[in-house]
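Let's take a walk through this structure together, moving from the outside inwards and then following the charges. Please keep the 3D view open as you read.

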Amino acid sequence: MSKQKQALLDVICSHEGHKTAEEIFMLCRQAQVDISIATVYRNLGILCNEGKVRRIAVPGEPDRYDNTLTPHEHVLCERCKGMSDICMDDLKKLLEERVGSPINSYDLCVRYVCPTCMNKTVSN
């Protein structure tokens, strides 16, 4: 694995949350990794294809990257844009029952207002 690709993987794995390519690029720069934004995008694609990182595509938002590869879903706050994991163990089974055949994969992102943002609204 190249030094730059390993640096990207290290950044993704050492920071909580679901970072965008731009955020990963900035974290690499802060860690003194000499890397271009084009190299970040290219290597993120490679890491996704190798199954080491998961790309989360959300319409109208930049792609985010996740190092948690076990099946799970996401919730996205419509106000602060924070993303969190949720696990709905029985969802795949329910989908398979509804469509009548095995599900290879799916992407689910639920939009909501997170408790922090909700509390800001209530206190104002």
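## A guided tour

On the surface, M88, L108 and V110 make a nonpolar patch of about 200 Å². Bear in mind as you look at this patch that the model is a predicted one. One of the three patch members, V110, sits in strand 6, which covers residues 109-112. V110 has a relative accessible area of 32%, so this residue counts as partly exposed, a class that lies between under 20% for buried and over 50% for exposed. That value also clears the bar for patch membership, because a patch takes residues with over 30% relative accessible area.

Now step back to the whole chain. Its secondary structure amounts to five helices and six strands. Following the sequence from start to end, you will meet them in the order α-β-α-α-β-β-β-β-α-β-α. The C-alpha trace spans about 50 × 45 × 25 Å along its principal axes. Of the 124 residues in the chain, 33% are buried.

For an example of a buried residue, turn to helix 3, residues 37-49, where you will find L44. L44 has 0% relative accessibility and is therefore buried, the cut-off being under 20%. If you would like a distance to check in your viewer, try L44 and M83: they are 39 residues apart along the chain, and their C-alpha atoms are separated by 19 Å.

Next, the empty space. Rolling a probe the size of a water molecule over the atoms shows where empty space is left. Here the largest pocket holds about 310 Å³. It is lined by 16 residues, and those closest to the pocket centre are P71, H72, E73, K92 and Y106. Sorted by class, the lining of the largest pocket consists of seven nonpolar, four polar and five charged residues.

That brings us to the charges. Side chains of opposite charge can pair when their charged atoms come close. How many salt bridges does the count come to? The count is five, taking a side-chain nitrogen of Lys or Arg within 4 Å of a carboxyl oxygen of Asp or Glu.

Start with K5 and E50, whose side chains meet in a salt bridge at 2.9 Å from N to O. This pair ties together distant parts of the chain, since K5 belongs to helix 1 (residues 3-14) while E50 lies in the loop between helix 3 and strand 2 (54-56), 45 residues apart. Are the two partners buried or exposed? K5 is buried, at a relative accessible area of 10%, whereas E50 is partly exposed, at 39%.

E50 also forms a salt bridge with K52, and there the closest N and O atoms are 3.3 Å apart. K52 is partly exposed, with 34% relative accessibility.

Another salt bridge joins the side chains of E61 and K81, at 3.2 Å from N to O. This pair, too, links distant parts of the chain: E61 is in the loop between strand 2 and strand 3 (64-66), and K81 is in the loop between strand 4 (73-77) and strand 5 (83-86), 20 residues apart. E61 is buried, with a relative accessible area of 18%, while K81 is partly exposed at 31% relative accessibility. Finally, go back to K5, E50 and K52: salt bridges with shared partners join these residues into one network.

How values were computed:
Residues are numbered from 1 along each chain as its sequence is written. This is a predicted model: local features need pLDDT of at least 70, side-chain atom pairs count only at pLDDT 80 or more; totals for chains, interfaces and linings use all residues. Side-chain values use heavy atoms; hydrogens and water are left out. Patches are made of residues with over 30% relative accessible area and no salt bridge: like charges are joined within 9 Å, nonpolar side chains (Val, Leu, Ile, Met, Phe, Trp, Tyr) within 5 Å. Accessible areas come from the Shrake-Rupley method with a 1.4 Å probe; for residues, only the protein chains shown count as cover. Helices (H or I, at least four residues) and strands (E, at least two) are DSSP runs, numbered from the N terminus. Buried means under 20% relative accessible area, exposed over 50%, partly exposed in between (1.4 Å probe, protein chains only). On a 1 Å grid over the protein atoms alone, a cavity is a set of points where a 1.4 Å probe fits but cannot get out, and a pocket is an open set with protein on both sides within 12 Å along at least five of seven lines; lining residues have an atom within 4 Å of a point. Grid points are joined across faces, edges and corners, and a volume is the space filled by probe spheres set on the points. Ala, Val, Leu, Ile, Met, Phe, Trp, Tyr, Cys and Pro count as nonpolar, Asp, Glu, Lys and Arg as charged, and the others, Gly among them, as polar.
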